[in-house]
Amino acid sequence: MKKFILMAGGTGGHLFPAMSLAQELVRRGHLVELMTDHRVESYGSDFPATQIHIVPSATPSLSNPLKFVAGGLKILGGIGVAFGKLRQSKPDAVIGFGGYPTFPPFVAASLLGIPGILHEQNAVMGRANRALGRFADVLAMSFAETKFADGLRIEKVVTGNPVRDRVRVLAGMPYPPLEADSPVNLVVFGGSQGAKALSDIVPEAVALIPEHLRQRLRIVQQCRAEDLDRVAEVYRRAKVNVELAPFFTDLPEKISRSHLVIGRSGASTITELCVIGRPSILVPLPGALDADQKNNALVVDTAGAGWIAEQATLSPQSLGTRLTDLITDPATLTKAAAAARALGQPRAVEKLADIAERLAGKGTTEMERNS
């Protein structure tokens, strides 16, 4: 039995893959603890850790000298706090999943000589992971082509992005049959907080679809609480069957029953869509640092598993035309679903757990266990 401390920023995008690895390590008989920031309260109730440590951190601000100094002092304080907690906990290895809250504990682990893995979920390395690369032993990547990874002189392994157990069990579900007059299941979501842009564009686009096709649609859409009434009114006028909510606890299951998904292209979204094997229209978050969502969406688009739609040029008219074309061309949707499944790596968590065990000194790989 080994002890691992996982380190992640306190948002779903960082915590969900960490949670997946924690579940796998616990299954293998290991102990797991988590180091993160205060935002974990929104996501961490189900995290299988014996302890959750809150470590001070900050996002550096280069535009404001006072904030830069204050942030630097807070990061130094976080390194000190993490140093003490790590000395007390004595983990065999640490695994960082990105976000600036990973920085203080990962640096502290390096100072203590504890081996460490960095996991990058996106097709572009995040800035925190780039800064931490010199302190890591291994970089685990979700995509073979990961921008900025080539500059790191450490071991690199393509593992894929771990997904939660509830997503993995859906990996084998076949794409739902799509007949000429059968219902078409459309799922729309914009991340854990929803997306105003999708609430603005998608309902209006659906209203422009020919009536005989609209009547076949069964829509599930996540939107902000303040947008619910106006979105519901657009769908009511269009006479469309819709289920609206600010958050769906069973979103993976809804995706598995879908014929098409419209959403953002964060790392967790891309991973779950590909593991489940569903085609998508992806609208990258504009203005994101290093265009990570756009690069993620380009991987899907290039593979024929979906279609990228830039928010700046997306209109109800263009989206309505695209939806009409896809609904009337089930062969294209079925082909894209197969391409998405081919991109998926449902065994990513086993690969990452193998590396963690090797680094911790156990050295028993998945292949050796199954031989």
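The following paragraphs lead from a set of annotated positions to a helix and then to the aromatic rings of this predicted model.

A useful place to begin is the unreviewed UniProt entry, which lists Thr11, Gly12, Gly13, Asn122, Arg164, Ser192 and Gln293 under the heading "binding site". Among these positions, glycine 12 belongs to helix α1, which covers residues 12–27, and glycine 12 counts as buried because its relative accessible area is 7%, below the cut-off of 20%. Glutamine 293, also named in that record, is part of helix α11, formed by residues 292–302. With a relative accessible area of 13%, glutamine 293 is buried as well, and, when residues up to four places away in sequence are left aside, glutamine 293 touches Arg264, Ser265, Gly266, Val283, Pro284 and Leu285.

Helix α12, made of residues 316–327, allows a check of its geometry: at 1.5 Å a residue, its 12 residues should span 16 Å, and the end C-alpha atoms are indeed 16 Å apart, so the expected and computed values agree. Within α12, the buried residues are Leu319, Gly320, Leu323, Thr324, Leu326 and Ile327. Because these residues cover an arc of only 165 degrees around the axis, they lie on the same side of α12.

The aromatic rings complete this tour. A search of the whole structure finds 0 aromatic pairs, yet rings do appear beneath charged groups, for the charged end of arginine 130 sits over the ring of phenylalanine 148, at 3.9 Å from its centre. Arginine 164, one of the residues in the UniProt "binding site" list, lies over the face of phenylalanine 16, with 4.3 Å to the ring centre.

Note on methods:
Residues numbered from 1 in each chain as written. Predicted model: local features only at pLDDT ≥ 70, side-chain atom pairs only at ≥ 80, totals over all residues. Heavy atoms only, no water. UniProt positions renumbered as here; feature names shortened; annotations may be inferred. Helix = DSSP H or I, 4+ residues; strand = E, 2+ residues; numbered from the N terminus. Buried < 20%, exposed > 50% of the residue type's maximum accessible area, 1.4 Å probe, protein only. Contact = heavy atoms within 4.5 Å. Expected span 1.5 Å × (residues − 1). Arc of directions from axis to C-beta. Phe/Tyr/Trp six-rings, centres within 6.5 Å; stacked < 30°, edge-to-face > 60°. Lys NZ or Arg CZ within 6 Å of the ring centre and 35° of its normal.
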